[in-house]
Amino acid sequence: QVQLVESGGGSVQAGGSLRLSCAASGYTYSTYSMAWFRQAPGKRLEGVAHIDSDGTTTYADSVKGRFTISQDNAKNTLYLQMDSLKPEDTAKYSCAATAGWKLTWWQRLVSSGYNYWGQGTQVTVSS
């Protein structure tokens, strides 16, 4: 049974940083895509960053240059380093993973491409 558990959310002032973690258990695929999504109240789910098992990454334009996605395979953990945070980054952040395949480029930040989801962690950025 695959479980994804996020942590690291919290409240921070604009310009600050946070690092989110997503611990994966029961996830034994060697080929995969994983991603971070976010959803603010009243807004639709947005793909933020993606990474493949081969290290290929994709970022939404809104976070390019500020967010960095990475993974530690030894720890089965996905990370999202968020720097220069803005109030508009306030949202619930969730990690997602595929069930053993890599997504094509146009699917990487689209929620329908992912099979497993965590419960999410809240990030609040104040001005």
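## Exercises: a buried glycine and a salt-bridge network

Glycine 113 is buried in this predicted model, its relative accessible area being 11%. Let's start there and then move on to the charged side chains.

**Exercise 1.** Work out where glycine 113 sits in the chain and which residues it touches beyond four places in sequence.

*Solution.*
- Step 1: Find the flanking elements. Strand S9 (91-97) comes before glycine 113 and strand S10 (116-117) comes after, so the residue is in the loop between them.
- Step 2: Check the burial. Buried means under 20% relative accessible area, and glycine 113 has 11%, so it counts as buried.
- Step 3: List the contacts, leaving out residues up to four places away in sequence. You get Thr98, Trp101 and Leu103.
- Step 4: Try a distance too. Glycine 113 and glutamate 88 are 25 residues apart along the chain, and their C-alpha atoms are separated by 25 Å.

**Exercise 2.** The whole structure has six salt bridges. Take arginine 38 and find its salt-bridge partners glutamate 46 and aspartate 89, then say how accessible these residues are.

*Solution.*
- Step 1: Look at glutamate 46. Its side chain meets that of arginine 38 in a salt bridge, with 2.8 Å from N to O.
- Step 2: Now take aspartate 89. Its salt bridge with arginine 38 has the closest N and O atoms 2.9 Å apart.
- Step 3: Place that second pair on the chain. Aspartate 89 is in the loop between strand S8 (77-82) and S9, while arginine 38 belongs to strand S4 (residues 33-39); the pair links distant parts of the chain, 51 residues apart.
- Step 4: Read off the accessibilities. Arginine 38 is buried at 6%, aspartate 89 is buried at 1%, and glutamate 46 is partly exposed at 28%.

**Exercise 3.** Which residues are joined into one network by salt bridges that share partners?

*Solution.*
- Step 1: Go back to aspartate 89 and pick up its salt bridge with arginine 66, where the closest N and O atoms are 2.7 Å apart.
- Step 2: Locate both ends. Arginine 66 lies in the loop between strand S6 (57-59) and strand S7 (67-72), and aspartate 89 in the loop between S8 and S9, so this pair ties together parts 23 residues apart in sequence.
- Step 3: Check arginine 66 itself: with a relative accessible area of 10%, it's buried.
- Step 4: Chain the shared partners together. Arg38, Glu46, Arg66 and Asp89 form one network.

Notes: Residues are numbered from 1 along each chain as its sequence is written. This is a predicted model: local features need pLDDT of at least 70, side-chain atom pairs count only at pLDDT 80 or more; totals for chains, interfaces and linings use all residues. Side-chain values use heavy atoms; hydrogens and water are left out. Helices (H or I, at least four residues) and strands (E, at least two) are DSSP runs, numbered from the N terminus. Buried means under 20% relative accessible area, exposed over 50%, partly exposed in between (1.4 Å probe, protein chains only). Contact means heavy atoms within 4.5 Å. A salt bridge is a side-chain nitrogen of Lys or Arg within 4 Å of a carboxyl oxygen of Asp or Glu.
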